[in-house]
Structure formats: C-alpha cells, structure tokens
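Please open the model in your viewer and keep the sequence panel at hand. The stops below say what to select next and what is to be found there.

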Amino acid sequence: MAAGYGHTLVLCTDGKIVAWGWNSNGQLGNGSTTSSSVPVAVVTTGTALENKTVIAVAAGDYCSIALCSDGTVATWGNNQFGQLGTGNKNQYITPIAVKTASTALSGKTVTKISAGYQHVLALCSDGTVVAWGENGLGQFGNNGTTASTSAVSCQTSGTALEGKTVTAIAAGDYHSLALCSDGTVAAWGHNGSGQLGAPFSVSRSLVPISLNQSGVLATKTVVKVEAGTTHSLLVCSDGSLAAVGDSSSGKLGVAPLSSYVTGTPITVATASTALAAKTVLKAVGGNGHTLALCSDGSVACWGENKRGQVGNRGLMMVASPVNVNASGPLAGKTIVFASVGTSIGIALCSDGTVATWGNYNPTSSPPGGSKVPVSVEGTGALAGKTVIAVAAGSQFFALCSDGTLTTWIGTLLPAVVNSGVLSGRTVVAMTVGNSHQLALCSDGTLAAWGQNGSGQLGNNATTTSNAPVAVVRTGVLSGKVVTGMACGYYHSIVVCDDGTVAVWGGNTTGALGDNSTTNSLVPIGIYTSGVLAGKFVTKVGAANTRTTVVCSDGTVANWGSPNLSKGPLTRSSSPIAVTSGVLSGLAVNGVACGTVHTTVWCANGTLAGWGDNYSGHLGTGNNVSTDDPVAAGQAALSAGERYIFAVSGANAQHTLAIVASPPAAPIVETLAATSINSTGATLRGIVHGHGENAIAAFDFGIDSSFGSSIGASPSTVGGSTGTPVSAVLTGLQSQTIYHFRVKGTNTSGTSRGGDLTFTTPSTDASLAALTASTAFSPAFAASTLAYSTSVGFSVNSLALTPTTTEPHATLQVQVGSGSFVSVSSGSSTGSLALETNGATVIRVKVIAEDGSTTKTYVITVAAKTAFQQWQLANFDAAQAGTGQTEDFDGDGLRNLMEFGFGTNPTAFTKAGPLSYTGNVITPGGITSEVIAGVPMAEFIRRSDYVEAGLTYKVEFSAKLLAWETINVAQTVLATDGTYEVVGMAYPKLADGSRSKFFRVTVSVTP
C-alpha cells in the first residue's frame, strides 16, 4: 500500500493496482479526475502497465508511481514539477512510462522507488540512484537546484556515495536518504530540521553527505531507512531505532519535545522497531446490550435494546440472555466472534462475512439502523478481503487477514484506516475505547488515535489526532512485547508477555493504578507492592475511569473510580482484590469492562458480574445492582453449555459472552504398536479432546481384560485437533501376546480405542537338532555348543542340517573365515567345502526372533591323512608297532613302505605281486624291462596316495656300492583307477653297463 496527500494505492497479489480518494489530478489512474470513496482499478489496457506485473507502488502528494517486474516505471497524476519523469510537464490520468532514452535511466533496471512531496527517487540494479521532479532544495543530490522532467543521476564522485553501493532509498518532503551495503547512510536536500543528520547551521546539502553516525549509531549497522516530512528514521541490525530531525508533535518519540537541538541521531521509542508482534485478545462493547456466541454459531444477547442492539426483532429491554435473530445474513452461518458498540452489534462468521445490527431509529424516514442482523457490504475496501476480527464503539471496525484495518459508521461503506503511523503497516489487533482507539501492528508499532485531552494516546501530547500516532515505547515498554490492551474513557492499558502492565492517560480518579492521581502522557507502570505483589498479569480490561486485571493464578484486581451506584470498589489509585460473592474460591480466566459494570468469566464456566444493572447489564434476569459479583443467568443456554469468554466496552452498558457446548468425550483411535522387542514396545494412538483438554493413556495386558494402564506422552492434549500420543512399555515377557488400546478422558467422560495386539518376539536361539554327513562328537545337545569330527583325506566337503527350536528363529552358517550365509531350518546346507590336510571350523549361528539374542554352535572338522586312514584300515586303533618307521610284520619293509606300495603290512612279505589289474605289464613289485626298445625301471604305486602328498623316490646303482638319483621323469604307463604303473628310463642299460640296479623309497610322508 501507499498513501499520498489525499489518495491511497493498493497493490494486489495479482500485480494489479486499485486506488481511492482525491483524484483532481488523475492520481487514481482510472482515466478520470473524479474522486472516489471506494476502490477503483488503475487502468492497464492501452497504458504503460499493459501486460506488466507491478511489484511496488509509491504515492507523491498528487501523483502515483508503479514499479514493474521488468524494471520499468510508470507514473500518473500531477506533473507540475516533472515528477512523472516523462520528459514534459503534462498531466496524465492513466499510467505512462517514465522516459529512459537519453536520461540517467538509459540501459538501467529500476529495483526500488520512493516518492517525496514533489520529487521521486529510483534505485537501479547497479546500486546507483536517479531522481526527477522538484529540486529546489537539492533533493536530487546532483549538486544543483534545477527541477527536471526526466531522470538525472545523483552525484557519487567526491560525496558520501563514492565507492558505495546503495541498497535502499527513502524520499521525504524535501530531502532524500540512501542506505549503503556497508550499513552507512547518506542524505541530501533540505536540513531545516536536521533531518540530514547534520548541524542546523547546514540548511541544505546539494550532494550526498554522511548522516551523523556518532552517538546512538556508533558501532551500529543501519538496515532500513525511512523518511518523514521533516525527519528521518533508521532501523539498526540489533533492532534498535534511531531518529533525527523535527521533533514537534512527538515525531521522534522523546520527551520533552524541545530536548532535540542538533542534527545528531537519537534513540526513539521501540514503537517503530521490529518488535515481535502478537495477536492481542481484546474486549469491546456497546452502550447497553450483551451478546453471547454459542458453539453452534448462534448468538445470545441481553441488556439495553432501545436501538435494536440485542438483535431479536424487539425494542424492549432484555434482562436475561435471548437468541439473536439468526435469519438473513446469519442463516446457516457459524459466528466466530462478536462485538458491540454504543447501540450496535457486529458478528464475524467463519466464512469471513460480517453482519451488524442496532442503532435502530423508528422515527426517521426511512427508519435508521436495524433490529435484526444485516450484511456489511463486501465492496470497496472489503472487496475480496477476509475479515478475521471485528470491534465496535461509536463506529464499526474490521481487521482483515492481509493486515488492513477498515472502519465505517452506520450504512456507509467501509474505508481503510492507513493514515499516520499506520501508513504502510500491517495491523494484527485493535481495541476500541469511548473516544479513542489502539492498534497493534506486525512490526510491533502501537498506534492510537482519537481524543487525547488526558494523554490517552500515549504520544507525550494532549492534542486530539484524527490520524494514528505512535505510542511512546520508551520507559516501561522499552523492549517489551505487548500481548493485550484495553481502552477506558480517558486512559489506556496494555499487558506484556512478562506479566507487567503499562498505563497512560487520565488519572484524576486513580484509573492508572500507580498510587497517584496524576495524568501521564506516556506509558508508566502500575503499583505492584500491594495485592499484585509477585503476580503475573495475563488479561486487562478498562472502561469509563476504572481498570481491572486478571492474574495467572486466577485472581482479580481493579482500581480507579467505578462511577457506579454499586460495586466492590470505592475510588482507589492502587489495585485492590475482588474476592467476594460468587467469585469466592473460583479461578478467573478473563475480564470485560463496560461503562457501569464489570464481567469476568471463570475456569468452571461461571460468568460473573458486578456494578450497575438498571438495564440488565449483568444478565441476572433482573435489574438489581450489586456490590458483590453475581452469576449471570443461563436462560438462553442449552443444557451443559457454559460461558468461556466475554467482552464489553468503555462506553458499553452490556456484555458479550461466547458460550461453548458441553464437551463431548474425546475421539480416540488406537494405532499399531512399534519398536516391539522381547521385553518392550511403543504403544501409539490419536486423541482428540473435542474442544477441551483431555488426559491421554493406554490400557494393556495379556488378554482383552487388559488389567494395566500407563500414561501417554503428551499426557494432556488440546481439543482442537487429533494429537498423536504414545507410551513406552518395558519389562514385558518374551513370546507373549499383549492387548492394548488408547483412551482419552475429559470432563465429559472417557473414550477407549479399539483393542489391538502385538506379540513380543522369542529370545530362544537354540537348535533342536544338528546332523552332519559325517558323525561328530559329542552327541548333539541343545546346550552343547562345541563339536568335532574327522573325515578321510579324500573327503573335501561336508553337509549339515540344523533345525531351530523356535520356528521364528533364523540361521546363518560360516565356513572358516568366510561370510555368514543364511540357511533354512530343517534343510541341508548342501556341500560345505573343507580344508585339506588340516582343520576346518564351521559355525552355525542361531538368531532369535527378537533379532538380538544369538547362539553359535561350532563344529571343528579335522581331515585324516592317507597314512592315518590306511592305519585304521589295517590295524586296531592305537595298536603298537603301527607307526610309519616301524615294521609291524617283521618282513623288512617298514609300515610306510608297505603303505606306499600297497603290500600287506600284517603278513611277512619279501616280494610278491601287487594288486594290479592293468594290461600293460605283468604285475609285479619292483621290476624292469624294455618297452618299445627303451630299457625301463618300473614300479607300482597307489595313484590316490600320490594325490594325497606321498612322494616316491627312484635311485639307480651300477654295483650296489652307491646310489644316485637320475633326473628322469616318472611316467605313468598304465592305471586301473586305484593303482598305477610308473616307468623311468634306465640309463645304465642304455650305455651297455651290466649293472642294472634301482630302488624306490617313500621319502616324504603325507
């Protein structure tokens, strides 16, 4: 949004612009010069904005500027000083492009715009600044005073901008500001009030100069600049705010106003800083009636009704709650908030529509106001908007979701409140007093407007203001976050998130509660040494000349002058406790103050009030005023409904109350358990409190009767949505079925979810059986983990069949140093390769169902040597004389020789045929012959023994005196599969020698 002298621009999310207000110079851009009290569209077709997307708007006094996404700029309206930048001084009533050719904008892309009184600044993507329009006081910064109808460059060489890149700009009435990337600020133009941050002796500067960064700006980095008419604001990276320039009317937020005498920046109130904004709960009211919002969307009302403010089609006073007529615009609607003014009522529905009633005058022609709800016109300022809050005093207010604040009186169309300190800000909450208002903005600004004779605007002045002004945030509000606010007749009060309270305005009756009767033009603290000592205030209410607060412990205190005929408060300038009557022992949740009565609502649903009751203000069913709090009637409430909120107003003689239906039992849903192990599990569920807090827990046990319960986390859940809850169980039995269900309990009862089950896994990691293709020892037992066996030298594999005791357990087998491989219970592993001539370790690992408990069975497999196997075949186990070097049968052949040549080791044998069935030669022991003309030395041996590692050595001798080994290859001449005939060339026969001796020895044992 942007506001000019008498017109307003609004940029919509689709890039289009609407405008309203004065239009004598075509500043609305709608092709006419007719002013409009409702928004009108800026013309785009056939203009410089056709097919463009606008990303920013600015408003001069009588002209308008738009920045497009492609970096071009369009303007319209008054052009007396060339402020449209078109190269001429012609007035345009629709958008026209700013001239770029042969100007300082040639080849440039504009990224930001700012409009002063009669000049415009533009920041380009290269960090340079250009300007056009009026320049009589040097507002261009180009070292001249000549106006220009087209863009000229701001001077950088030899100025505070030399070597700098500008990141933000701001234009005041006659001065300009530039924020540089290094956090410094340059200023130029008029300095009559010190707005350039220079001494008053410097009346103006035609080129950029450095804004004085001593004092409060020392060591600080400026991140944002704003220019007022005759003052400048600088927001720093630490959240502090500095100001320089004209301090009249409290612009700089300091007291006394004359304290500012130089062009040096000073710290100002945090009202314009980046304070964390909260949505504030507020109390509002009418002149003499009460509304009650029910959970089904209906509204109950009671009190004064001369103007139809009760909304029940009648004009008679109603002393107890009745339903507001739900026909017309409220038919089928759900009301989410309601408020009342002097003689009016307003309701906000869940679909964002608004209805009002009251101020009925049957004598006017036609009759004014309405006895029943009527729709608020959704055109003009409310067109396309969603209302999120409403308030009413002498006029109506509506706060929209986009932060705009609108107001209207009677049947006039709503208009946006965006002047003064609210210009360009987003409002998040507001409250209405008798003749002044407060608004809280998203940036933390606290604004006030209206009558100010007693300082109720909090701006350190007593001048009434039609435009919002900033409440001073120094002193007690410095660094505070406002969470609640209220307005009385002549005073204002806010509560902060730290439980402290600030008040300001009229105090002749002690309404400020500071233990004095002195007015205050700025916020001050209340007296906390009495009944509020050590208390944390959470809610505040104010009306007429009194104030009431609610503390976090549910207690209530008030002060001031009630101006009532009855009530538990004589005039007091410091807080006193309210504990009598129906409030005795009850915890109070909130307060609403009317002109002559006070209403509080309690944690148990009681609505209590005290004070004057001549028009049924207290909702008791009579008009008897009371000193002590009494309970409001429940005639309009259904069975079980209760009061949960109330509002009234500084000039109201009635109360609004929101009513909740009796809460239903929670909605619950049991979800599957997770993280299940042998001794524990995580239970899960969803609990919906049905409008109130619910206690969450789980039932569990080994059957459907459960028998045990455990609290959930979180233990208490809110009632607005379903909340996931869980609980961790420990100490459970393994391999056991457990039942469980979620349950939620609120004041209406307990709901239980469906019965689900889970089974804790087994920890049994035992084998029920283990068999192998070769017998092992000892005999298998589930508790025995180590086994051994041996296999023949020719056996190279082994098969196992493991079977688990518990069917959900899994198996893995590892051979030697290899990897574990999964196998199936009860099935053979298949052949497992073994080491030869050594031991092979086979591990069978059982993994229990729980996934963590394991047991490993180890089988050591030893392979027998060929000689060991021969021993077992020919001798009794461990029989004497069966070693390799021994001769068991005494025939002169050692057992190893008997083994190597296959002779009988238990019978005397000198020579004899070996067992050989081949057909190459006649079987014999060691012999020789000529085969195919080649003399051969021949012998017979076991072929498998050779493979097992037995080595046969052949030696030759001529005279039996010496033996020699001839390097001649041994050739297999024939084999029958078990035995083989081996021949070697016999060299002594070949050389004619008569000697022909050879021998064969087994020289290496396997």
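Select Asp70 and Lys52, which form a salt bridge with their closest N and O atoms 3.2 Å apart; the term denotes a side-chain nitrogen of Lys or Arg within 4 Å of a carboxyl oxygen of Asp or Glu. This is a predicted model, in which local features need pLDDT of at least 70 and side-chain atom pairs count only at pLDDT 80 or more, while totals for chains, interfaces and linings use all residues. Residues are numbered from 1 along each chain as its sequence is written, and side-chain values use heavy atoms, with hydrogens and water left out.

Asp70 lies in the loop between β6 (63-68) and β7 (73-77), and Lys52 in the loop between β4 (36-41) and β5 (54-59); the pair links distant parts of the chain, 18 residues apart. Strands here are DSSP runs (E, at least two residues), numbered from the N terminus, as are helices (H or I, at least four residues). Asp70 is partly exposed at 40% relative accessible area, and Lys52 is also partly exposed, at 25%. On this scale buried means under 20% relative accessible area, exposed over 50%, and partly exposed in between, computed with a 1.4 Å probe on protein chains only.

**Further salt bridges**

How many salt bridges does the structure hold? There are 9. Side chains of opposite charge can pair when their charged atoms come close.

Select Asp498 and Lys480 next: their side chains meet in a salt bridge of 3.2 Å, N to O. Asp498 sits in the loop between β37 (491-496) and β38 (501-505), Lys480 in the loop between β35 (465-470) and β36 (482-487), and 18 residues separate the two. Asp498 is partly exposed, with a relative accessibility of 34%.

Move on to Lys535 and Asp553, whose side chains form a salt bridge of 3.2 Å, N to O. Lys535 belongs to the loop between β39 (520-525) and β40 (537-543) and Asp553 to the loop between β41 (545-551) and β42 (556-561), so the pair ties together parts 18 residues apart in sequence. Both ends are partly exposed: Lys535 at 31% and Asp553 at 41% relative accessible area. Then select Asp699, Arg741, Lys743 and Arg752, which are joined into one network by salt bridges that share partners.

**A buried histidine**

Select His175 in strand β14 (residues 175-180). Is His175 buried or exposed? His175 is buried, with a relative accessible area of 0%. Show the residues around His175: beyond those up to four places away in sequence, its contacts (heavy atoms within 4.5 Å) include His119, Trp188, His190, Gln195, Thr229 and His231.

**Aromatic rings**

The structure holds 8 aromatic pairs. Rings of Phe, Tyr and Trp (its six-membered ring) pair if their centres lie within 6.5 Å; planes under 30 degrees apart count as stacked, over 60 as edge-to-face and the rest as tilted. Select Phe780 and Tyr787, a stacked pair with 6.0 Å from centre to centre and 25° between the planes. Phe780 is partly exposed at 24% relative accessible area, whereas Tyr787 is buried at 3%.

Add Tyr857: its ring centre is 6.1 Å from that of Phe780 and the planes stand at 40°, so this pair is tilted. Phe780 lies in the loop between β58 (767-772) and β59 (786-791) and Tyr857 in strand β66 (residues 854-863), so the pair ties together parts that are 77 residues apart in sequence. Tyr857 is buried, with a relative accessible area of 0%. Adding Phe776 completes the selection, as ring pairs link Phe776, Phe780, Tyr787 and Tyr857 into a cluster.

**The largest nonpolar core**

Select Leu767, Leu800, Ile842, Val844, Val846 and Val861, which touch the most other members of the 21-residue largest nonpolar core. Such a core is a set of buried Ala, Val, Leu, Ile, Met, Phe, Trp, Tyr and Cys residues joined through side-chain atoms within 4.5 Å. At least two residues come from each of β58, β59, β62 (810-815), β65 (839-847) and β66, and β66 gives the largest share, 4 residues. Centre the view on Leu767: leaving aside neighbours within four places in sequence, its contacts include Phe780, Pro802, Leu811, Val844, Val846 and Tyr857.

**Confidence**

Finally, colour by pLDDT, the predictor's confidence in each residue from 0 to 100. The protein's mean pLDDT is 78, and 76% of its residues reach 70 or more. Select residues 300-326, where the pLDDT is below 50 and the stretch has 130 contacts beyond near neighbours in sequence.
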